[in-house]
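Trainee: I have not looked at this protein before. Could we go through it step by step?

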Amino acid sequence: MKEGPRIEKAKWLNGADSPVMFMVDDFTNVWIDLNGNGRVDPGEDWGHALDGPGSAFRYLTEEVLRSCPAVKTTFFTPMARVPVIREHGYRAHFGPINENEETARFFASVHRDERFEIAYHGLSHGVSGARTEDFVHEWVAYGSLEEAMETVGRGKEIYFEVFGEYPRGGKYCGYGYNSFSDESIDKSGFLWWCRKWDRGQAGVDDTERFDVKYFGENRVIDIPSTVYGAMFNLQGRNKLGRAFKRPVVLRRGREEIDRLLEGKLVISIQEHLSPARTDGRRQTPNTLDDRESLKFLFDYLGSKNVWFCTGTELAEYVYSRDNTVIEEKGRTFLLDARFERDLKSRLITLVIKDERVQQIRAPDGGTIPGRQGLFTFPAVSGRYDLLE
């Protein structure tokens, strides 16, 4: 049998089995005063309260993420969210993220934190209706490609005003889209996008859906949505029911995660920041109700060979990996980075199947150390030497 190549590109950074992306929807300038007391209470805020008392962001960071410092969060943020119901009767605040200097500064500070990323989730999220059933998600509401691109353009300008850069990726609102939605994303310059709730459309063994794909002429990276944040949640059952169900829920959840790890597939965890809605219903999944489920999930993943990353970090690695060509020449190799996009990170991990190789000499003369045959470095075109 012919021996395989000595140098391979690792599927994921540092040879991880799977990337883990924590996806939190609707982090934006909204507050719904459900109990009418004029004060922000837990479960009411979507981001309007910034990092203040009762705020959703403070709850997430202190009650969910504090014990899981390795986790990285990608927030999906509508630029100027509208309510589901037009005349909802609640005291509420719905404003753009650039409404005032304090609000814009807060959202910008979150995006600058290496633990977080703010991605694009539409301009308004959709069109309000008289009833819940009348609400139309944003990309479904567009009547033409031109209207879609014009609205995306307005949303991108708000994003730029707040963050000083244009969004690299995002997600369809409510996973709703029509025949020209993908083209509007492709032509709007996004590097990556979340198009579908893949877990809901696939059986437990339909793993092909849970890997990164591409779409559009510009090969936008399509990141699947694969894990429900409430998967270990036992709330709502009585004490006896929880005790009976707990072993079953934990076993099934672990098996679901293990299948993704075994297939080296994406683990992207779907959540909403807040349970509050203007139609009186409870938004699920949400970080308030799912605190214990998320902490258990993160703890379980932390014991595995995973890479906690943001959406852009995941997409940039995939781009670097798939647009780098390696040509072996004895104790050297030529690397050709065929990059047409501007990347913040050009990292790639190579697997070298030769125990004698301890370092790689880069084109600039510097050395790249290895660990158990894994070498991670920025992909720069040129000649590389294998050193013992």
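Mentor: We start with a term: a residue counts as exposed when its relative accessible area is over 50%, and as buried when that area is under 20%. Keep in mind that the model is predicted.

Trainee: Is Gln372 buried or exposed?
Mentor: Gln372 sits in the loop between strand 20 (367-369) and strand 21 (374-378). The cut-off for exposed is over 50%. Gln372 has a relative accessible area of 75%, so the residue is exposed.

Trainee: What is the sign of phi at Gln372?
Mentor: Most residues other than glycine have a negative phi. Gln372 is not a glycine, yet its phi of about 50° is positive.

Trainee: Asp26 also has a phi worth a look; is Asp26 buried or exposed?
Mentor: Asp26 is found in the loop between strand 2 (18-25) and strand 3 (30-33). Although Asp26 is not a glycine, its phi is positive, about 65°. Its relative accessibility is 3%, and under 20% means buried, so Asp26 is buried.

Trainee: Which residues does a cis peptide bond join?
Mentor: Most peptide bonds are trans. Here omega is about -10° and the bond is cis. Its proline lies in the loop between strand 14 (267-272) and helix 8 (291-302). The residues joined are Thr284 and Pro285.

Trainee: How are the rings of Tyr159 and Phe163 arranged: stacked, edge-to-face or tilted?
Mentor: A search of the whole structure finds 27 aromatic pairs. For Tyr159 and Phe163 the ring centres are 4.4 Å apart and the planes meet at 50°. Stacked needs under 30 degrees and edge-to-face over 60, so this pair is tilted.

Trainee: Why are Tyr159 and Phe163 separated by about one helical turn?
Mentor: Both belong to helix 4 (residues 145-163), and both are buried. The separation is about one helical turn because they are four residues apart in that helix.

Trainee: How many residues apart in sequence are the parts tied together by Trp197 and Tyr228?
Mentor: Their rings also form a tilted pair, with centres 6.5 Å apart and planes at 55°. Trp197 lies in the loop between strand 10 (192-194) and helix 6 (198-201), while Tyr228 is in strand 13 (residues 227-228). The parts are therefore 31 residues apart.

Trainee: Does the radius of gyration agree or disagree with a compact globule?
Mentor: With 388 residues, a compact globule would have a radius near 21 Å. The protein has 22 Å, which agrees.

Key:
Residues numbered from 1 in each chain as written. Predicted model: local features only at pLDDT ≥ 70, side-chain atom pairs only at ≥ 80, totals over all residues. Heavy atoms only, no water. Rg over C-alpha atoms; globule rule 2.2 N^0.38 Å. Phe/Tyr/Trp six-rings, centres within 6.5 Å; stacked < 30°, edge-to-face > 60°. Helix = DSSP H or I, 4+ residues; strand = E, 2+ residues; numbered from the N terminus. Buried < 20%, exposed > 50% of the residue type's maximum accessible area, 1.4 Å probe, protein only.
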